[in-house]
Amino acid sequence: MSVKVKCRHCLRAIGEMKDSNQVQQLVQEQPLSNDELNEILQEDEQGELNVLLVCEECEEILTQNPSLFEQDNFIH
Ligand SMILES: [Zn+2]
């Protein structure tokens, strides 16, 4: 089963992983609590797992505007 990696802000597809170990590793690299990890790992209607991260573009925007972290969907 492949796992899709998407940006949690703009929902752009960042990539796809076929190996669940790779997903585990990626998730563990994120400085997040368990609750937050549950939030970024989501199953869609097809039962596929999605990993919601932040793409480079959004990360840059967030770095420049840290207050945007308080809003979940600032890009529409
Ligand atoms: Zn993004």
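**Sheet and helices of a predicted model**

From the N terminus on, the elements of the protein run β-β-α-α-β-β-α. The model is predicted: local features need pLDDT of at least 70, side-chain atom pairs count only at pLDDT 80 or more, and totals for chains, interfaces and linings use all residues. Residues are numbered from 1 along each chain as its sequence is written.

Student: What makes a stretch count as one of the 3 helices or 4 strands?
Tutor: Helices (H or I, at least four residues) and strands (E, at least two) are DSSP runs, numbered from the N terminus. Strand β1, for example, covers residues 3-7, and helix α1 covers residues 20-29.

Student: How do you know that β1 and β2 pair?
Tutor: Two strands pair if DSSP finds at least two bridges between them. Between β1 and β2 there are 4 bridges, in the antiparallel sense, so the criterion is met. Lys-4 stands opposite Glu-16 in β2.

Student: Why are β2 and β3 said to stand at the edges?
Tutor: The open sheet has the order β2-β1-β4-β3, with mixed pairing. β2 (13-17) and β3 (41-43) each have a single partner strand, so one side of each lacks a neighbour in the sheet.

Student: What does the angle of about 25° between α1 and β4 refer to?
Tutor: Axes are lines fitted to C-alpha atoms, for helices over the stretch in contact (C-beta atoms, placed from the backbone, within 7 Å). Angles run from 0 to 180 degrees between N-to-C directions. Helix α1 lies across β1, β2, β3 and β4 (49-53), and the value of about 25° is for β4.

Note on methods. Contact = placed C-beta atoms within 7 Å.
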